[in-house]
Amino acid sequence: MVEHLQRYGVISSMKVAEVMETIDRALFVPDGASAYADSPMAIGYNATISAPHMHATCLQLLEQNLQPGMHALDVGSGTGYLTACFAIMVGPQGRAVGVEHIPELVASSIKNIEKSAAAPLLKEGSLSVHAGDGRQGWPECAPYDAIHVGAAAPEIPQALLDQLKPGGRMVIPVGNMFQDLKVVDKNMYGSISILSETSVRYVPLTSRDAQLRGY
């Protein structure tokens, strides 16, 4: 899978290739699913795990903000795959936090992580996954050098902007029918700049009730 993404120019970073080889996607997809196919997959509760090329894209966009010792937040952490990748990158001195509003997905993601190379980080406490409304972030471990949002917001939640550290970067899909992957940088003085990276299609960032109803 990683070689395929490198061949097609999706992965150019050796660090991202390494972390995606370290965290085995097969541990994070439903049983019987073709784990390494480059496509998103339903994981129940009207949620999905993103395609590997989207995970690679987001990891590369955030790579400079996922250095050892840094803090990272994964909103809509789902199966826990990307949260585990973040944890490997920031290491035991850093902090990787996943927030997911479906408690059953939180429980299963912790089981997935326990089978993966990120298990020691979960045990030591530098990696954690919490049930909560990701639109509110996770203030307890803020501010964050890196924030990833795995569902499309109609607009960028203010709470997430507030929890982004000066010098930090957030990657978030924004839009309703038509969505763009936005790269949000906060400079050292706290001012925000936003660039559109690519057109995307994510499930909506919404309330738990709305998601379970099918939005």
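**Close-up views of a predicted model**

**View 1. Strand E8 is largely enclosed by the rest of the structure, because six of its eight residues (179-186) are buried.** This is a predicted model, and that goes for every view below. Start with the neighbour before E8 in the list of strands: E7 (residues 164-175) runs antiparallel to E8, and seven bridges join the two. The link between E7 and E8 is a hairpin that passes through three residues. To find your place in the pairing, look for Gly 175, which stands opposite Gln 179 in E8.

**View 2. E8 also pairs with strand E9.** Here eight bridges do the joining, and E8 and E9 (residues 192-200) again run antiparallel. A handy pair to pick out is Lys 182 with its bridge partner in E9, Ser 196. The two strands form a hairpin with five residues between them. Check the backbone at Gly 190 in that turn: its phi is positive, at about 95°.

**View 3. Helix H4 is mostly covered.** Of its 10 residues, nine are buried. Among them are Tyr 81, Leu 82, Phe 86, Met 89 and Val 90. Also on the buried list are Thr 83, Ala 84, Cys 85 and Ala 87. Just past the helix comes Gly 91, with a positive phi near 75°. Two of the buried residues, Tyr 81 and Cys 85, turn up again in the next views.

**View 4. One aromatic pair is found in the structure.** The partners are Phe 28 and Tyr 81, whose ring centres sit 5.6 Å apart; their planes meet at 80°, so this is an edge-to-face pair. The contact links distant parts of the chain, with Phe 28 in the loop between helix H2 (14-22) and strand E1 (41-44), and Tyr 81 in H4, 53 residues away. Neither ring's residue shows much surface: Phe 28 counts as buried at 1% relative accessibility, and Tyr 81 is buried with a relative accessible area of 1%.

**View 5. Two cysteines, Cys 58 and Cys 85, have sulfurs 11 Å apart.** Why is there no bond here? The sulfur of Cys 58 has its closest cysteine sulfur in Cys 85, and 11 Å is too far for a bond. Cys 85 is likewise in no disulfide, and the count for the structure comes to zero disulfides. Both side chains belong to buried residues: Cys 58 has a relative accessible area of 1%, while Cys 85, which is in H4, comes in at 0%.

**View 6. The structure holds one cavity of 30 Å³ or more.** Its volume is about 330 Å³. The lining takes in 31 residues, and those nearest the centre are Gly 76, Ser 77, Gly 78, Glu 100 and Gly 150. What sort of residues make up the lining? They divide into 12 nonpolar, 15 polar and four charged. Several elements chip in at least two lining residues each: strand E2 (47-49), strand E3 (71-75), helix H4 (81-90) and strand E4 (95-100). E2 gives the largest share, three residues. If you've come here from View 3, note that H4, the mostly covered helix, is one of those contributors.

Definitions and conventions. Residues numbered from 1 in each chain as written. Predicted model: local features only at pLDDT ≥ 70, side-chain atom pairs only at ≥ 80, totals over all residues. Heavy atoms only, no water. 1 Å grid on protein atoms, 1.4 Å probe; cavity = no way out; pocket = protein on both sides within 12 Å on 5 of 7 lines; lining within 4 Å. Points joined across faces, edges and corners; volume = space filled by probe spheres on them. Helix = DSSP H or I, 4+ residues; strand = E, 2+ residues; numbered from the N terminus. Nonpolar A, V, L, I, M, F, W, Y, C, P; charged D, E, K, R; others polar. Disulfide = S-S within 2.5 Å. Buried < 20%, exposed > 50% of the residue type's maximum accessible area, 1.4 Å probe, protein only. Phe/Tyr/Trp six-rings, centres within 6.5 Å; stacked < 30°, edge-to-face > 60°. Pairing = 2+ DSSP bridges.
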